[in-house]
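User: Could you take a close look at the largest pocket for me? I'd like to know what lines it, and then how the parts around it are put together.

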Amino acid sequence: MELVGIKDIAKMAGVSVSTVSNVINGRKNVGKETRERILQICEEVGYQPNLIGKSLKSGKTNTIVFNFSDFERNFYLKIIKGINDYLSENGFDLIVCTTSSSKNFMRNNFARGAIVLDKKMDNEFLVSVADEQFPIVVMDRIVNNDYIQSVIVENYTVMSELVQTLINKGFRNFGYIGGIESSLDHQERFQAFTDTLKNNNIPFQRTHYYFGDFTEESGYRAANIITLSNNLPEILVCSNDNMAIGAMKALKESNYSVPGDISVTGFDDATAAETYELTTVAIPRYESGYLAAKELVEMIQGTRNKDIFKISAKIKWRNTVK
């Protein structure tokens, strides 16, 4: 395999060799868009100059990496804006990574720290790279490590409130579309759902549980199965908005009305939720990104908060519930 050099990077980026050199040496005399384009090319071709590591050791880098894994969920844009606003206010640069090669930015000491919302990046890897010089904030899990902080949504409390209110409204026959079962969001939301039903002496049959993966397509498939089973619940609680919207589309195609024949709820308050008048749980995504960045900068500066930071969420009642 032919090795890629700095001249090749410059040619691919349409810039001079000196511009590429300035970027990989962490100098600030290159525009943000040009710098990010060059770094993206370096990532794509696997160019990993040792000078980046030297830059960190000399204390000249203030770059933070944000890793996330799913372009579909548009609330990432709100999170990124929150992260970027706090970092900009405090003199840090932000690099956004979305592929498996994003690990290179963490392994090679390119950055001063990382914020991770990437289900594909396992705990073992995070523990292997986190240390005093490279703290990490995770937004989708809890990791027991001195150099990894968690900023997560308080799923359990608000889901319990949602289900209890539905019960108070008179609902008894529940269906549930779950997300990725290994994810903390799914586990906490589903546990709150089942616990609240149990506390109200309402049975929940496993046959009324439908598998999903947080995508609209999985909600659509699950709702098609429900319509074919001739076992329509009174209300379908979904672990996120994407699946709820997919389910509503399938129900409509089968000539079921929402909420006339069946009520539906989601979770996240994605942009499309208001369009579909979906009852859901609103998570302050911008604020969560801002707080994640704040926690990371404080860790970089030597402050260690060992408490898990849990972000409150609120129910938004709309027209998909009777």
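Analyst: First, a quick definition: a pocket here is an open set of grid points with protein on both sides within 12 Å along at least five of seven lines, and a residue counts as lining if it has an atom within 4 Å of a point. Keep in mind that this is a predicted model.

Now to the pocket itself. The largest one holds about 450 Å³ of space. Its lining is made up of 26 residues, and L117, K119, D140, S183 and D185 are the ones nearest the centre. If you sort that lining by class, you get twelve nonpolar, six polar and eight charged residues. Where do they come from? Helices α5 (75-89), α9 (184-199) and α13 (285-300) each supply at least two lining residues, and so does strand β5 (148-153).

Let's follow β5 into its sheet. That sheet is open and has six strands, running in the order β2-β1-β3-β4-β5-β11, with parallel pairing. At the edges sit β2 (93-97) and β11 (309-311), each of which pairs on one side only. From one strand to the next, the twist averages 20°. For a closer view of one pairing, try β1 (residues 63-68) and β3 (residues 113-117): they pair in the parallel sense over five bridges. Look for F66, which stands opposite I115 in β3.

Next, follow α9, which leads to another sheet. This one is open too, with four strands in the order β7-β6-β8-β9 and parallel pairing. Its edge strands are β7 (209-210) and β9 (263-265), each pairing on one side only. Helix α9 packs on this sheet and touches β6 (174-177), β7 and β8, and its direction makes about 170° with that of β6. Within the sheet, β8 (residues 235-238) pairs with β9 in the parallel sense over three bridges, and L236 stands opposite V264 in β9.

One last stop is a pair of helices. Two packed helices are described by the angle between their axes and the distance between the axes. For α2 (residues 17-24) and α3 (residues 32-45), the angle is about 85° and the axes are 10 Å apart. Angles of 65 to 115 degrees count as roughly perpendicular, so α2 and α3 are roughly perpendicular to each other. At their contact, T19, V20 and V23 in α2 meet T34, R35, I38 and L39 in α3. By class, that contact has four nonpolar, two polar and one charged residues.

Terms used. Residues numbered from 1 in each chain as written. Predicted model: local features only at pLDDT ≥ 70, side-chain atom pairs only at ≥ 80, totals over all residues. Heavy atoms only, no water. 1 Å grid on protein atoms, 1.4 Å probe; cavity = no way out; pocket = protein on both sides within 12 Å on 5 of 7 lines; lining within 4 Å. Points joined across faces, edges and corners; volume = space filled by probe spheres on them. Nonpolar A, V, L, I, M, F, W, Y, C, P; charged D, E, K, R; others polar. Axes fitted to C-alpha atoms, helices over the stretch in contact; angles between N-to-C directions. Parallel < 35°, antiparallel > 145°, perpendicular 65-115°, else oblique. Contact = heavy atoms within 4.5 Å. Pairing = 2+ DSSP bridges.
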